[in-house]
Structures are given as C-alpha cells and as structure tokens.
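Please open the model in a viewer and keep the selection panel at hand. The tour below proceeds selection by selection.

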Amino acid sequence: MNIIEELEWRDAINQQTDAEGLRELVKEKKISLYCGVDPTGDSMHIGHLIPFMMMKRFQLAGHRPVILIGGATGTIGDPSGRQTERQLQTLEQVQKNVEALTAQMKKLFDTDGSNELKMVNNYDWTHKINVIDFLRDYGKNFSVNTMLAKDIVASRLDSGISFTEFSYQILQSMDFHHLYTEEDVQLQIGGADQWGNITSGLDLIRRKEGPDAKVFGLTIPLMLKADGTKFGKTAGGAVWLDANKTTPFEFYQFWANTDDRDVIKYLKFFTFLDKAAIDELEAKVKTEPHKREAQKVLAEEMTKFVHSEELLTQVKKITAALFSGDIKSLTADEIEQGFKDMPTFHAPKETKNIVEWLVELGIEPSKRQAREDIANGAISMNGERVNDVNMDVTVENSFDGRFIIIRKGKKNYSLVKLG
C-alpha cells in the first residue's frame, strides 16, 4: 500500500484539503512536507508525537520531511485549544527551548543519515520582515471576516483574544508560503486543531503564487482514550520525551499500562509494525488478554524509538527485577529510575540498628512491630530477607552509597536515600 493507504489503514487521517489530489501527487513523485512545533517548553511530550509519527512514516516511504521549530511563532503563542492568553516567554528562553527541541527531533528523524532531513526555524526569515512589509505583503491577503470564522479564533471571541494571538494564523501561513517557495514543500501536516491555520496557509500560497499551486493540508485525528479522557496525561502530568523529565522506565510503564481497548489503536498510530503483526496482536488481545502481549510490544517499540535499544534493555532489566523481587543486580542509576515514584525516605550515612532505623524513618510504626515483622520474615533489604533484629544498617548495605531498598510484605517497597 502507498503512504496514503497506510495512513488510512492506521486511522491516522482526520481531514484533507484535497484527498484525491494528494493521493495522485504521492504516486507521481517523492514530495517535501512539513510539520511544526512551537518551543513553549524544553521538551516535547507524547501528545506532540502524533503528527510527527506521520511525518516519520512519510520519511520511511522515501519522502522528505521538513521539521519546523517555531522560534518566531513560539514568542507569540498559538491560541488553538486555549481559552486564555499565553504567558509570553523571553527570547532567551525561547532560544533555549529551540535548541532542546531541535536535538530531540534530530534524534527521532536523523537516525542513520539515509533519509534526507531538513530542520528549519521560522525566526530565521520572520525577524527580517518589518511591520510595513508584514501589513502590505501579507496582511492584505487576509480577510478579518474569514479569520474570525476560523474555529481557533471563534472559540476565543467570548473570552477575548489579543491582536498578538489573533495574528498567529498569518505567521503560520507565512511559514507554509516560505517553505513552498524555498524548500518545495507541498504538504503541511498538523493536529486536528491546526485545520484553520493550515487552510489559511493554502489560501495565502494561492493568492501569492497563483490558483494552480499544488499544495495540500492533512490533519491527524484528536487522540482520546477509550474512557473519553485526553491521551498522554497521567496523574503525575505529561509524559515527556526528555529522560530527565520522564525516565525511560516511567515512559515504558506508561505504554505497558495501556487499556486493552486502546492498545491496537496506539500500535497503529505509534509503531512501525506492519498490518500482519498488528492483526496478530489484536487477535491475542481478544483471546489472551491476561498476557498483555500487545502492551509489551507497544512499550518496547516506543521506548526503543524515543530513547534507544540500550535503554530499552535497561528498562526491561528493571521491570524483571521488580517483578521477581531480585533487585541485587541493579545499579544505583537503575534503582533511581525504577523506584522514583515509590515512597521515599531520607537517612544519614551512619550505622544504626535495623529496628531503630526502620522506626526513625517511619517505615515501621513501633519497635515492637519492627521486631515482629523481622521475625516473621516480612522485611527485605535490597532483595534479601532480614532475619536478625540486632543487624546494623551501614553504608555497605546500600547501592553505591546512595540508596537502600526496603520491602515490607510482598509489594510494599520503600526507597531510602542516604546522605
């Protein structure tokens, strides 16, 4: 199947400006296409990945992706999906975010150098335009009536929208026009909320370059979970691509905990497995849901794609150790990842009797209970059962002088940080 047919099978197309025209274009030649992200933070989260996964599919099919980091638009703020004005960032912070997102994009798209990748920053051409040229060369091509009718603006009219955010769709349209004339970009991809911005860009190109300009827009469906809630959010907040914000272990666990009702949809959207492999996993979800094989494959594919094969191996090692209770083989860094969300206690690096130590930390409510749990074999330290109430806890008991893991019963883990 060609790239459009594949996207249709993956249920990855929401709207197209000219479905048949685009289908014919990608049959005729390899095209350049673009998708943008504004540097509102120093990392993307998994929600940002949705349109870029489609870009990656085009790249694997031989087409040329152009990744736009919005160094200019990021200073303004996209009103899409918001009911209040964005807090403007300093130019210095925007630039730091640009550098961070650029590094993430290169990691995802420029994996082996075999497929051409173009990275651009719209600040590079936007900052050269003065206000008179902006109004004459671009503003004259936009009808305020049409702009007001766009969903992204109409939804803000009751609560109010500044001229700054109102002008955002003009800036994004300028991006499409610039990339069409300078990079031969003929297709823009975006989330469902970007439809108004994308169609404004097509209108600008045809006004300035002629009605026969072959340009297209395609949006991705809004991703919702089976329970109707927004995809990508957890009790702890967003799931980030930056390993310092969301550890590879947390990232893996997010996907591994996917609901049976969502897992096939996510496999289609986020992995590069073919139809036969996904159909086989879908059958297993129906016949052997308790094995959660589809979820494991999803978690492995996503962790490998966003992080690396090496970090996936590390994550699987942590997962296996936590499942079995045999954590002695883990490193301090692996302990830090795997136990990040466990109840955490702090203890000084000094020798202390195990009973007193457990009570002072608050892991045990009393010395009597601590002695009783030790006598019953309910307390383990670093994966080994504690049997002696006279045992001393020392730095030698820790992982690299940093952590001690206490397990009370079968599943109640506590992370003790030394220092």
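Throughout, buried means under 20% relative accessible area, exposed over 50%, and partly exposed in between, with a 1.4 Å probe and protein chains only. This is a predicted model, in which local features need pLDDT of at least 70 and side-chain atom pairs count only at pLDDT 80 or more, while totals for chains, interfaces and linings use all residues. Residues are numbered from 1 along each chain as its sequence is written, and side-chain values use heavy atoms, with hydrogens and water left out.

**The annotated positions**

Select Tyr34, Tyr168 and Gln172, where UniProt, in an unreviewed entry, places the feature "binding site". Tyr34, Tyr168 and Gln172 also belong to the lining of the largest pocket. UniProt positions follow the numbering used here, feature names are shortened, and annotations may be inferred rather than shown by experiment.

Centre first on Tyr168, in helix H10 (residues 168-183); helices (H or I, at least four residues) and strands (E, at least two) are DSSP runs numbered from the N terminus. Tyr168 counts as buried because its relative accessibility is 4%. Contact means heavy atoms within 4.5 Å. Leaving aside residues up to four places away in sequence, Tyr168 touches Asp38, Thr73, Ile76, Gly77, Asp78, Pro79 and Asn197.

Move next to Tyr34, in strand E2 (residues 32-37). Tyr34 is buried, with a relative accessible area of 2%. Beyond residues up to four places away in sequence, its contacts include Gln172, Asp175, Phe176 and Leu179, as well as Val185, Leu187, Gln188 and Ile189. Display the side chains of Tyr34 and Gln188, which make a polar contact at 3.2 Å. A polar contact is a pair of N or O atoms within 3.5 Å; within protein, one must be able to donate a hydrogen and the other to accept it, and residues adjacent in sequence count only if both atoms are side-chain atoms.

**The pockets**

On a 1 Å grid over the protein atoms alone, a cavity is a set of points where a 1.4 Å probe fits but cannot get out, and a pocket is an open set with protein on both sides within 12 Å along at least five of seven lines; lining residues have an atom within 4 Å of a point.

Select His45, Gly47, His48, Asp193 and Gln194, which lie nearest the centre of the largest pocket among its 44 lining residues. E2, helix H3 (46-60), H10 and strand E5 (185-191) each give two or more residues to this lining, and H3 supplies the largest share, five residues. The volume of the largest pocket is about 1200 Å³.

Continue to the second largest pocket, of about 990 Å³. It has 31 lining residues, and Phe249, Gln253, Ala256, Asn257 and Thr319 are the closest to its centre. Helix H12 (248-256) is one of the elements that give two or more residues to the lining; its six residues form the largest share.

**The enclosed space**

Three cavities reach 30 Å³ or more. To see the largest, of about 40 Å³, select Gly325, Ile327, Ser380, Asn382, Gly383, Ile405, Arg407 and Tyr413, which line it.

**A last stop**

Select Val153 in helix H8 (residues 151-154). Val153 is buried, at 1% relative accessible area. Measuring from its C-alpha atom to that of Lys349, 196 residues apart along the chain, should give 59 Å.

Methods
Points joined across faces, edges and corners; volume = space filled by probe spheres on them.
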